[in-house]
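This briefing covers one protein model, its cores, two buried polar residues and its salt bridges. Please read it alongside the structure shown below.

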Amino acid sequence: MSIAQNVTEIFTRLGAADPFSADGEIVCRTPIDGSELGRLAADTPDAVGTAVGMAHAAFEQWRTVPAPVRGGFVRELGNLLREHKDDLGALVTIEAGKIVSEGLGEVQEMIDICDLAVGLSRQLHGLTIASERPGHRMMEQWHPLGVIGVISAFNFPVAVWSWNSALAFVCGDSVVWKPSEKTVLTALACRALAQEAARRAGAPEGLLQVVVGDRTVGEALVDDPRVPLVSATGSTRMGKQVAPRVAARLGRTLLELGGNNAAIVAPSADLDLAVRGIVFSAVGTAGQRCTTLRRVIVHESVKDELVQRLVAAYETLPIGSPLDSGTLVGPLIDASAASAFDKALDQARSDGGTVLTGGGTADGVEGGHYVHPAIVDMPSQTEIVRAETFAPLLYVLTYRDLDEAIALHNEVDQGLSSAIFTLDVREAERFVSATGSDCGIANVNIGTSGAEIGGAFGGEKDTGGGRESGSDAWRNYMRRTTNTINYSTELPLAQGVDFG
């Protein structure tokens, strides 16, 4: 059976129509072998306006439904995801090139955020605040916000959508989702499951709209005044284009942009632990995660041993089709990603770097863009090191004291994820303190990738400042009102003002 036939059968099992259209404008390819899976119809900017209108109509119904009842819809969605986990995970592998376990893991992230959102549907609470005026009470309430625009990237074709949407749905919002043109199939599959969940739960049919197409489709969503919040995941360049457009109409943005993540390896580090954490963070998803580890900042006293172990691990990594159970490193998404990898390696060499292992096209893999993950020893943190290359390219830098390591760590423009490997409690606490890592995620003795649903996910600086998933990220999708209630017969004014 061909990969394209497998896709059609998956959609049949999902209860969805065949997504392919003979005259579609979007060519859908798999990075596994570069073959064309089929063609998909694209939306127009006018179609985006229609989708927003349908989502807004659904929102006007949905916001009046009690939040715990809204949680019932998300519960049904989570159950459907459990039922179809294998099929949806296979789509992630086919479309994004992730190995099987990572594809399944991404679907599990959706299940987990649904579970969190269901519990949250009974906890969307505000505060009761003491009033300075006798016979008065102050309180705050959180109300549904409206239509949430979600723009997602290819590397997490379904998880990031669900981080936003599961929370938005229990908060009383509807969603218009524009997936990457490289991973439309997974979005259409999720839409089919969401529609079935809405049918089972008696929720409005238009709660989730999916629009697909080029940049003009995204711009139409970004510019629509009926969309009070746009959550955009992608490159820093993309975020810097989205943010001012939304701000021009006084809308809100939630931005999850680039990362240039580093791990400090201290003299006291458990090197067995460090090697395992570094390798997964650096080569998982073929280096195409926003949380991918791109820099190792290692103390000079343990550098030689750490590098030796890392090189040995890299040289045994199974590279190949992500459909094969033994594969750990699958393909890059396309030719442009492979070209960027090669150019970054060339520049690193020009800057005085030494390639310790990797680089170049992987042997014995037909089709697709498969590369050997690379480790480069750099004499300093040059411009190419400070840039994010979306590929399995790891730079090694050396430090002598912790202040120098933290300075190197924080010197880049991005601020997403970070880690330190140390058994020294003082070093660990310093790293996660206000004078340590400047990232939104700061880990101790684990790598930079693999965040759990319970914590807020996001970063600072050029990463955009957004927070998704757990903790109090739900507040992004609601509006706050402060109420003052006078239950007395008097009308005193605040601040002691006497108005006669």
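Contact here means heavy atoms within 4.5 Å. The model is predicted. Two separate nonpolar cores are described, the largest with 79 residues and a second with 57 residues. A search of the whole structure gives 24 salt bridges, some of which are described below.

**Ser 469**

- Ser 469 belongs to strand 20, which spans residues 468-469.
- Ser 469 counts as buried because its relative accessibility is 2%, and buried means under 20%.
- Beyond the residues within four places in sequence, Ser 469 is in contact with Ile 113, Trp 163, Leu 167, Glu 452, Ile 453, Gly 455 and Phe 457.
- One of these contacts, Ile 453, offers its backbone oxygen to the side chain of Ser 469 at 2.8 Å.

**Thr 236 and the link to Asp 462**

- Thr 236 is in helix 9, which covers residues 236-248.
- With a relative accessibility of 15%, Thr 236 counts as buried.
- Leaving out residues up to four places away in sequence, Thr 236 touches Leu 257, Gly 258 and Asp 462.
- A polar atom of the Thr 236 side chain lies 3.5 Å from the backbone nitrogen of Gly 258.
- A polar atom of the Thr 236 side chain also lies 3.1 Å from the backbone oxygen of Asp 462.
- Asp 462 also forms a salt bridge with Lys 240, with the closest N and O atoms 3.8 Å apart.
- This pair links distant parts of the chain, 222 residues apart: Lys 240 is in helix 9, and Asp 462 is in the loop between strand 19 (460-461) and strand 20.
- Lys 240 is exposed, at 54% relative accessible area, whereas Asp 462 is partly exposed, at 23%.

**Other salt bridges**

- The side chains of Arg 309 and Asp 272 meet in a salt bridge with an N to O distance of 2.5 Å.
- Arg 309 lies in helix 11 (residues 303-314) and Asp 272 in helix 10 (residues 271-283), so this salt bridge ties together parts 37 residues apart in sequence.
- Arg 309 is partly exposed, with a relative accessible area of 30%, and Asp 272 is partly exposed at 46%.
- Arg 215, Glu 219, Asp 223 and Arg 245 are joined into one network by salt bridges that share partners.
- Glu 140 and Arg 480 form a salt bridge through their side chains, at 3.2 Å from N to O.
- Since Glu 140 is in strand 4 (residues 136-144) and Arg 480 in strand 21 (residues 478-486), the pair ties together parts that are 340 residues apart in sequence.
- Glu 140 is buried, with a relative accessible area of 9%, while Arg 480 is partly exposed, at 46%.

**Nonpolar cores**

- Within the largest nonpolar core, the residues that touch the most other members are Phe 73, Val 74, Leu 88, Val 175 and Trp 177.
- Helix 7 (residues 184-201) supplies the largest share of this core, 11 residues.
- Val 74 touches Cys 114, Ala 117, Val 118, Ala 166, Phe 169 and Val 170, not counting residues up to four places away in sequence.
- The second, separate core includes Ile 264, Ala 266, Val 279 and Ala 419.

Definitions and conventions. Residues numbered from 1 in each chain as written. Predicted model: local features only at pLDDT ≥ 70, side-chain atom pairs only at ≥ 80, totals over all residues. Heavy atoms only, no water. Helix = DSSP H or I, 4+ residues; strand = E, 2+ residues; numbered from the N terminus. Buried < 20%, exposed > 50% of the residue type's maximum accessible area, 1.4 Å probe, protein only. Polar contact = N/O pair within 3.5 Å; in protein donor to acceptor, adjacent residues only side chain to side chain. Core = buried A, V, L, I, M, F, W, Y, C linked by side-chain atoms within 4.5 Å. Salt bridge = Lys/Arg side-chain N within 4 Å of Asp/Glu carboxyl O.
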